[in-house]
Amino acid sequence: MKEKKKTSQNLASKDVELIKAFQSGKKAAFDELILGHKDKVFNLCYWFVGDYQDANDLAQDVFFKAFKALKNFRFESAFSTWIYRIAVNTCKNRLNSFQYRLKKKFVHLNHTAAGSNPGVEIADELSSPEIELGKKERMRLIKAAINSLPSNKKAVVVLRDIEGLSYEEISSVTGFNLGTVKSKLARARQDLREMLKGEI
Amino acid sequence: MNCPGSKKLFSEYIDGVLDPDTKAQLEEHVLQCTDCRRALEDLKALVRELRTIEPVKAPDDFIDRLHERIEPRFSFGKIIKTLFVPIRIKIPVQLVTATATAVLVFSIIHLQQPEKQFPEKLLKDAPMISEKEEVKPGLMKEPTEQSPERKIYTPKSASPKTIAYKKSKTNKVKGIVSKELKTEKVIELALVLKTDIYRKSALKITPIKAAPPAESSEVHDEEEKTYTSSSLRSRMAGKAATKEEVFAGAAKQDKKAETPLPAQSSALKEEAGEPESDVEKITEKLKKLIKDLKGEIKSIEYSNKTGHPISLTAVIPVDKYSVFYGKLKEMGTLHGPAPAVKERKKEMIRIKLVISK
């Protein structure tokens with residue numbers, strides 16, 4: 001636990017250096033910032049919208065916004081928290097947009113989970129095809145269950161259980177107080193359990 | 001601790017954020033309650049499952065795509081897109097409508113302009129010709145609106161064939177004449193009679209338009225008949241009628257579609273003991289000349305006061321015009337520019353001779 005904290009602290013201090021470098025005019029520093037956070041942000045976007053291509057577009061949007069706003073970054077929070085906040089807000093806006101809802105209505109029938117997430121490959125050389133198939137099926141069910149959650153509950157559960165953020169970090173990212181985060185997370189987990197009863 | 005209360009704490013219990021006392025109470029309840037124990041186990045499995053999910057990685061070209069978006073490569077299309085899409089300038093619909101209407105109106109006016117610019121002089125002439133095209137059968141003698149002193153004699157009667165031809169043309173006449181007049185020149189001449197016998201008279205010669213040759217011959221024949229007829233002459237003979245009476249009689253004849261004679265005035269004058277005027281002699285000479293030239297007389301206009309011919313309208317072939325012109329020169333001195341008429345065979349020109357003392 002302590003090592004994890006140390007690592008995050010090291011990362012945070014590295015982020016600060018890179019941001020300062022960027023603010024001083026070194027554009028290349030932004031690439032390093034992206035490299036450190038792109039997968040986490042992409043993963044968050046993916047579990048938010050449940051589609052690989054949409055997640056890619058959303059993650060691009062998130063970093064593009066970050067690039068524009070980074071000059072005015074005031075170091076009041078960690079860069080990771082800041083970029084997560086941008087990501088959550090961008091994803092929420094997308095989910096609430098008319099275009100997205102319209103697209104969801106006319107989604108293709110062959111738009112399966114396996115086909116839409118080429119990045120999700122559970123690498124387990126020892127696993128048999130049956131186990132692999134079972135895992136994929138579980139993944140599809142979990143994704144469907146998470147997608148059915150309201151965006152606030154979704155944000156909390158994804159940030160906590162998939163991204164591994166602490167309650168405090170979630171509170172900082174979402175803007176909810178700690179008690180709200182706890183209660184929302186408890187209800188979200190309860191909902192998921194109800195939805196996935198007998199499957200997992 | 002009851003079941004609902006304990007279930008609310010499962011999430012925090014799994015995350016290990018419960019305080020020790022609450023945690024102890026919850027563990028004690030779960031040991032006693034099978035449902036809660038099962039629910040906790042299910043929730044633990046779910047969270048375990050969620051935490052073991054492999055993170056989805058961004059595509060390899062993620063940073064490249066982002067670079068393209070942040071720093072777009074130079075391209076003409078991108079510049080155009082930046083400048084014009086979306087269009088920054090909003091054009092009001094009212095302005096567009098007003099401009100379109102103005103363009104439409106201007107184009108319509110521009111297209112109609114040639115007709116508007118048609119010379120007034122020629123337009124005045126055109127109805128005169130069409131009026132003659134609509135002449136009723138038989139010689140006619142009717143006063144014109146041009147002057148109260150003038151009366152027009154139309155020394156022709158058209159055959160049924162000619163009438164049919166003319167009726168078919170009636171509606172087109174104005175347009176046709178207008179077109180012809182647009183293109184052809186109007187030549188005016190003044191002739192002062194040479195000899196002392198002939199008093200000085202001014203003859204204005206105006207070639208106006210072409211007429212079909214077939215029609216001309218027919219008209220000429222009719223004219224001859226009417227000229228030689230003595231019906232009116234015999235009726236009028238022995239009467240010391242005034243000129244007004246003569247013309248009133250002629251007007252009545254018009255109604256009956258009988259033929260008034262151009263020579264009637266001279267005949268009347270002769271009978272009334274009045275000598276035939278020089279102008280009338282000249283007129284007769286001109287009639288003969290026109291006949292020789294295979295032309296025809298369309299109408300003769302007489303003065304109300306004097307009874308002398310004041311104008312003569314005739315049609316002659318274009319190729320005979322030079323001869324006609326020469327003969328006129330012999331009669332007197334021509335004033336004004338010489339007629340520049342291109343000699344084209346099978347075409348007729350209409351001449352109006354205005355005789356004034």
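## Ground rules

A residue is called buried if 20 or more other C-beta atoms lie within 10 Å of its own, exposed if 12 or fewer do, and partly exposed in between, with C-beta atoms placed from the backbone. What you're looking at is a predicted model, where local features need pLDDT of at least 70 and side-chain atom pairs count only at pLDDT 80 or more, while totals for chains, interfaces and linings use all residues. Residues are numbered from 1 along each chain as its sequence is written, and chains are lettered from A and ligands numbered from 1 in the order in which they are written.

## Met195(A), a place to start

Let's try the burial rule on Met195(A), which sits in helix H10 of chain A. Helices here are DSSP runs of H or I with at least four residues, strands are runs of E with at least two, and both are numbered from the N terminus. Because Met195(A) has 17 C-beta neighbours inside 10 Å, it counts as partly exposed.

Which residues does Met195(A) touch, leaving out those up to four places away in sequence? They are Ala145(A) and Ser148(A); a contact means that the C-beta atoms of two residues, placed from the backbone, lie within 7 Å. Ser148(A) is 47 residues from Met195(A) in sequence, yet their C-alpha atoms are 9.5 Å apart.

## Chain A

Chain A has ten helices and zero strands. Of its 200 residues, 34% count as buried. Take the contacts in chain A with a separation of 6 or more: 64% of them join residues 24 or more positions apart.

Helix H3(A) makes a handy ruler. The expected span of a helix is 1.5 Å times one less than its number of residues. The 18 residues of H3(A) should therefore span 26 Å, and the 25 Å between its end C-alpha atoms agrees with that. Among the buried residues of H3(A) are Tyr52(A), Leu58(A), Ala59(A) and Phe63(A).

## Two nonpolar cores

A nonpolar core is a set of buried Ala, Val, Leu, Ile, Met, Phe, Trp, Tyr and Cys residues joined through C-beta atoms within 7 Å. The largest one has 59 residues, and those with the most contacts inside it are Cys45(A), Ala59(A), Ala87(A) and Val158(A). H2(A) gives the largest share of this core, eleven residues. Apart from it lies another core, of 17 residues, including Ile297(B), Tyr302(B), Ile310(B) and Ala314(B).

Back in the largest core, Val158(A) touches Leu44(A), Trp47(A), Phe48(A), Ile146(A) and Glu163(A), once residues up to four places away in sequence are set aside.

## Chain B and its hairpin

Chain B mixes 14 helices with eight strands. Of its 357 residues, 30% count as buried.

Is strand E5(B), residues 296-303, mostly covered or mostly open? Mostly covered: eight of its eight residues are buried. E5(B) pairs with E6(B), residues 309-317, in the antiparallel sense over six bridges; pairing takes at least two DSSP bridges between two strands. Across that pair, Ile297(B) stands opposite Ala314(B). The two strands form a hairpin with five residues between them, and Gly307(B) in the turn has a positive phi of about 80°.

## Where the chains meet

In chain A, 30 residues are in contact with 25 residues of chain B. Helices H2, H3, H7, H8 and H10 of chain A each supply at least two residues of the side that touches chain B. H2(A) again has the largest share, this time seven residues.

How do the residues on this side of chain A divide? There are 17 nonpolar, five polar and eight charged. Nonpolar here means Ala, Val, Leu, Ile, Met, Phe, Trp, Tyr, Cys and Pro, charged means Asp, Glu, Lys and Arg, and the others, Gly among them, are polar.
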